[in-house]
Amino acid sequence: MRVRYALIFALIVLGWGRALAVPHILVVKEASGRRVEVRVPVKRAVFLIGYELIPYLDLWDQTVGISLWAKRYSDLLREVGAERLRKIPSVGTATQVNPEALALLSPDLIVTWAYRPETVKVLEEFLGERNHTAIIAISPESLKDLRSTMRLLAELFGKEERLRRVNRAMEGIFSLVRERLRGLKENEKKRVLWLWGDRCHCQVAGGRGVVADILRLSGGKNCAGAIDHPYPRVSPERIVLWNPQVIFIWGNAPYGVKDILRDRRLAEVAAVKRGAVFKAPAWSTWSPRVALITLWVAMKIYPERFRGISFRTLVERFNRDAL
């Protein structure tokens with residue numbers, strides 16, 4: 001695991017109680033070296049990121065604040081908990097957080113991301129000592145990291161049994177993908193490229209990150225896989241040279257399929273010529289729904305291997321099993 005950005009949690013139990021029914025303190029050590037003491041089970045949490053775990057781990061009652069992004073963009077939270085979501089105050093976003101609003105909520109725990117270390121520092125200075133608030137920055141750079149993050153949060157909230165249910169649902173989807181791709185030879189794998197939200201269409205998914213794992217598990221050959229970065233920027237000329245056969249667009253990108261098909265710089269790319277350009281569902285990849293996104297990607301790359309499968313039906317079954 002690359003420890004520069006990825007989050008590795010080492011949990012050291014302090015105090016005498018291990019059972020989560022007994023309040024105790026966990027020390028969470030991040031790969032960056034921060035050691036954070038968390039009083040568990042957490043009773044008052046703010047999610048600036050990772051909020052799709054709220055319904056899956058049933059954290060509604062412990063959530064006292066949430067990112068504005070969750071209210072604006074999370075179809076999942078709106079579908080399964082619209083009324084509860086409406087009652088949870090927003091505290092800005094992971095990039096523009098409101099420390100004063102956070103302080104009023106007196107959270108035990110704030111979950112944010114690691115991309116803005118300066119934001120974590122501000123929150124620590126503003127809230128850490130005064131409110132005894134633990135601040136955990138997450139940044140899973142692989143499915144393994146994501147699972148570690150989910151395990152950590154389940155432990156902090158005492159939701160291990162709930163997580164086992166979620167994991168079973170996820171594994172069911174991953175198993176289906178593996179079964180349908182069984183026998184796929186290396187020389188049969190299609191070249192694929194994932195575009196992020198940059199309007200220049202030049203920011204792609206490299207060889208590191210959750211999306212890199214999604215492309216790998218879905219049987220694709222990531223054109224940018226040799227670049228050791230989750231969000232590298234490349235030139236249009238580089239994309240033309242890679243000549244991806246299938247292009248995916250991040251679900252929250254401010255542009256769509258037509259924009260790629262009309263981009264003259266990419267006119268000679270095989271995926272553009274064939275119309276094999278797809279915009280992903282606007283779902284978080286730092287969520288149990290990463291399993292569904294993997295299935296969706298695999299179905300787009302190799303539709304002939306997924307005949308007879310209804311994606312919508314599987315989504316409904318997944319949510320019925322996991323939520």
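Which residues point one way from β10, and which the other way? Please keep that question in mind while reading the points below; the answer comes with the second sheet. One reminder before starting: this is a predicted model.

1. **The chain overall.** Let us begin with the whole protein chain. Its secondary structure comes to 13 helices and 11 strands. The radius of gyration is 20 Å, close to the 20 Å that the globule rule gives for 323 residues, so the chain is as compact as a globular protein of that length. Along the principal axes, the C-alpha atoms fill a box of roughly 60 × 40 × 35 Å.

2. **Inside and outside.** Of the 323 residues in the protein chain, 55% are buried. The exposed surface of the chain is about 15,200 Å², and carbon and sulfur atoms supply 50% of that area. Among contacts with a separation of 6 or more, 64% are between residues 24 or more positions apart.

3. **A sheet built from β4 to β7.** Here four strands form an open sheet with parallel pairing, in the order β5-β4-β6-β7. The edges are taken by β5 (63-66) and β7 (134-138); each has a single partner strand, so one side of each is left without a neighbour in the sheet. From one strand to the next, the twist averages 20 degrees. If you would like a pair to look at, take β6 (residues 109-113) and β7, which run parallel and are joined by five bridges. Within that pair, I110 has I135 of β7 as its bridge partner.

4. **A sheet built from β8 to β11.** This open sheet has four strands in the order β9-β8-β10-β11, again with parallel pairing. Its edge strands are β9 (221-222) and β11 (277-279), each of which pairs on one side only. Helix α12 (residues 290-301) packs on this sheet and touches β8, β10 (246-249) and β11. The direction of α12 makes about 150 degrees with that of β10.

5. **Following the pairs across that sheet.** Strand β8 (residues 191-195) is joined to β9 by two bridges, and V192 stands opposite N222 of β9. Four bridges join β8 to β10, where L195 stands opposite I249. Next, β10 and β11 pair over three bridges, and the bridge partner of I247 in β11 is V277. As background, strands of a sheet pair through backbone hydrogen bonds, either parallel or antiparallel.

6. **Back to the opening question.** In β10, V246 and F248 point one way, while I247 and I249 point the other way. All of these residues are buried.

7. **A271, a neighbour of β10.** Helix α11 (residues 270-274) holds A271, which is buried with a relative accessible area of 0%. What does A271 contact, leaving aside its neighbours within four places in sequence? The list is P244, Q245, V246, I247, A276 and V277. A271 and V246 are 25 residues apart along the chain, and their C-alpha atoms are separated by 4.8 Å.

8. **Two cysteines to check.** How many disulfides does a search of the whole structure find? The search finds zero. For C200, the nearest cysteine sulfur is that of C202, 3.1 Å away. A disulfide needs the two sulfur atoms within 2.5 Å, so a pair 3.1 Å apart is not counted. C202 is likewise in no disulfide. C200 is partly exposed, with a relative accessible area of 26%, whereas C202 counts as buried at 9%.

9. **Backbone geometry worth a look.** Most residues other than glycine have a negative phi, and most peptide bonds are trans. The peptide bond from V40 to P41 is cis, with omega near -5 degrees; P41 sits in the loop between β3 (35-40) and β4 (45-47). S106 has a positive phi, near 45 degrees. S106 lies in the loop between α4 (99-105) and β6 and is partly exposed, at 40% relative accessibility. H201 also has a positive phi, near 60 degrees. The place of H201 is in the loop between β8 and α8 (210-217), and H201 is buried, with a relative accessible area of 8%.

Notes. Residues numbered from 1 in each chain as written. Predicted model: local features only at pLDDT ≥ 70, side-chain atom pairs only at ≥ 80, totals over all residues. Heavy atoms only, no water. Pairing = 2+ DSSP bridges. Contact = heavy atoms within 4.5 Å. Axes fitted to C-alpha atoms, helices over the stretch in contact; angles between N-to-C directions. Rg over C-alpha atoms; globule rule 2.2 N^0.38 Å. Buried < 20%, exposed > 50% of the residue type's maximum accessible area, 1.4 Å probe, protein only. Areas by Shrake-Rupley, 256 points an atom, 1.4 Å probe, with all protein chains shown as cover.
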